[in-house]
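Work through the two exercises below with the sequence and the model in view, and try each task before reading its solution.

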Amino acid sequence: MASIDNKNGEQLEGIMEEQSQKLQVPAKLPVLLLRDVVIFPYMIAPLFVGREKSKNAIDASLSTNRMILLLTQKDMEVEDPKREDVYDVGTVALIMRMLKLPDGRVRILAQGLVRARVASFEEEGAHIIAEVSVVQESDKPEKSLESEALIRNVRSGLERAASLGKNLAPEVLIIASNVDEAGRLADLTASNLDLKVEEAQAILEIADPTSRLKKVFELLTRELEILDVQSKISIEAKGEMDKLQKQYFLRQQMKAIQKELGEGTEIQEELKIYQDKLRKIRVSDEVKEELEKQISRLAQMHPESAETSVVRNYLDWMFMLPWNKATVDTLDLVKAKKILDDDHYGLQKVKERILEYLGVRKLSKTAKGPILCFVGPPGVGKTSLGRSIARALGRKFVRISLGGIHDEAEIRGHRRTYVGAMPGRIIQGIRRAGSENPVFMMDEVDKIGSDFRGDPSSALLEVLDPEQNNQFRDHYLSVPYDLSKVMFITTANLLDPIQPAFRDRMEVLELPGYTEEEKLQIAVRHLIPKQVAENALTPKLISFTGGAVKKIISLYTREAGVRNLEREMASVCRKVVRKVAEGKKGLTVVTAQSIERHLGPPKIFKDQLLKKDQVGLATGVAWTATGGEILFVEATKMLGKGALSLTGSLGDVMKESAQAALSYARAHASEFGINSKIFSRNDFHIHIPEGAIPKDGPSAGVTIATAFISVCTNNKVKWDVAMTGEITLRGNVLPVGGVKEKVLAAQRAGIRKMIMPAANKKDLYEIPKKVIRGMEFIYVEDVKEVFSHAMVRLFGKAPKKAEKKTRKKK
């Protein structure tokens, strides 16, 4: 460290002139090597000396003429410098004072005299001796306009620097105002600027005073620009200083203190950990470049700043993602089929699709994961089927629910500019899985909303497209992530709410519901053991007979899935648990006769048949989101003027079907023996029970027409015949959808004869043979055929021979 230590400017000026005139510089001088400072002529500086050679050089100087050569090292870390480690030009100084310190060091006060160039450099005894030649300057250089202008500019520059806050002693300004020599002013100014060692040494080596002053003025100008900016920043920040900024400055001071104490190295350790992870991770060049960039940013930040935590969170997310980490698929098809059969009864179509995928994976390692969509009513096992698929494949399972989300950022993530930003649910799920090829289930995709924050369904188009998802970019990550190895499975209750482009990305597999036989097997294999275990029972304390299970299915539940069936099983188990807790011992057998003691009387359901033929009452079947249901259509007539009343919360399509049935009856009244005056002298009322539930759709057309014709002809409708189909004004019966659900609903209600459009005959192929065994299906193309089969008295066209689905006995 060097500093100007002047007592009085004028006195110092006189001393320097007197000494420069009296002292003659000898040819050889002892050398004092300086580490990080350059001493200029006319400069007085305190120096601390610790090396033995340097202390010996001081002793040699004090024993002779008190003169010593001050040379600066090129590298301050070198402990024992050689000739090539020091600069060629130094300053001959006069040791004014010397003080030995208790720690063994020596403190001297040295005054620079003249420049000197080293001719030779050698060690003589215990210190270094150098042969020097004084760098001569003209005694009275001619003053030019350029030098005069430089002198004035430097003086004004020093004054302006002092006004901008530069720490300059008043004596320096006094000396500068009195010095007329360009060389002396240059040295004085350079010694008071915050210069690097290389810059200060370059000035020291310039012999020409004017050139030296010009170089010093350039450095002074740069210093003034820095002071200007610093002053401007200080002025702007002065009025905005608040508690947070004060804390920042205090932390900066604390950081400096910790650095002096050897503390505060946590950030360095953290950076080292990130660097080690970066070397081990296997990612693309783009991802690695982004990681390196963020680690470099973190290294330049303050540990306590808000931006540091943002970068830390980002790096943590990036390093915790499973880049190129995948589980090994179980390619044993026999074992996978056994796992699927053990976990779920039935659902053959879904199981076949999974085994087909495994077969492709066994032959091709690059096969992309399928994107399946399970559609069906609640309780049919869509979510549990996804877990079973993951277990069969030997993959990790991740599930997210998308029902009710409105924000696109839930899928793509938030940009890091927002406070609390985080990746979307897709990347979060991949991180939880810990592998890049999990079975990823997205529930309730038919209940995704959209508003001003975006459309999550549109954001999912990229995720579920095999041609695009290998370069999926989450807004938070800002780098591509490969989703092509993920097996995506979505679930929905309805297909209609799903936008067409989104639906087109998925392979739809329908799970319409279970038959009573399937429910029986599911209860025996899965539900009963599960509830017995959950209620702290054992097979030695409770057992269900097959008749009891069938009675619960038929008289206490009526659903497409098995969720309510499981609740009823749980209710029985809880009642047995209470008896066991009260002290009852032994096995409790739940039979068909004892089930009412546990669950109460059987429940009455809306789709129970009325067991007798009636006029104006036809039985139809309808499709709902929870499976198929039985639908009763009532029609009656009364004196009036031909008005048609429709009640039961009917939709527009169903109202149009009723109007079409009325128009058809009026147009074909003579064919059915109907007096045409009945339509002008009577009002007609069509009602569908359960008026609080909205109903709509074209499939009730033939049912409404049958009830209407029954009222007009006073002909009873058979109670055990169900029907479905859309009617036209010409009497044609058009095909409808949801045939499987409607057949299952009819089978649950005990119907043995069902009328449906001939075009829907192909839909029975997907229905299990056990369901349609014993049921009679009548395929019609004209509504007259419906009337002939559904009504007690025959009229119109003779009915076709019914096709009865029976199973031949072996």
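**Exercise 1. Determine which residues of helix H11 are buried, and compare the reach of the helix with its expected span.**

Step 1. The buried residues of H11 (buried meaning under 20% relative accessible area with a 1.4 Å probe, protein chains only) are Thr308, Val311, Tyr314, Leu315, Trp317, Met318 and Phe319. This is a predicted model, in which local features need pLDDT of at least 70. Residues are numbered from 1 along each chain as its sequence is written.

Step 2. An α-helix has 3.6 residues a turn, so residues three or four places apart point the same way.

Step 3. H11, a DSSP run of H or I with at least four residues, covers residues 306-320, and its 15 residues reach 22 Å from the first C-alpha to the last, close to the 21 Å expected at 1.5 Å a residue. The expected span is 1.5 Å times one less than the number of residues.

**Exercise 2. Establish which strands pair with E5, and in what sense.**

Step 1. Two strands (E runs of at least two residues) pair if DSSP finds at least two bridges between them. Strand E2 (residues 44-49) is joined to E5 (residues 106-124) by 6 bridges and runs antiparallel to it, with Val49 partnered by Val106 in E5.

Step 2. Strand E4 (residues 89-100) is also antiparallel to E5, over 11 bridges, and Val92 has Val114 of E5 as its bridge partner. The hairpin of E4 and E5 has 5 residues between the strands, and Gly104 in the turn has a positive phi of about 95°.

Step 3. E5 pairs with E6 (residues 127-134) in the antiparallel sense over 8 bridges, Glu123 being partnered by Ile128 in E6. Here the hairpin has 2 residues between its strands, with Gly125 in the turn at a positive phi of about 75°.

Conventions. This is a predicted model: local features need pLDDT of at least 70, side-chain atom pairs count only at pLDDT 80 or more; totals for chains, interfaces and linings use all residues. Side-chain values use heavy atoms; hydrogens and water are left out. Buried means under 20% relative accessible area, exposed over 50%, partly exposed in between (1.4 Å probe, protein chains only).
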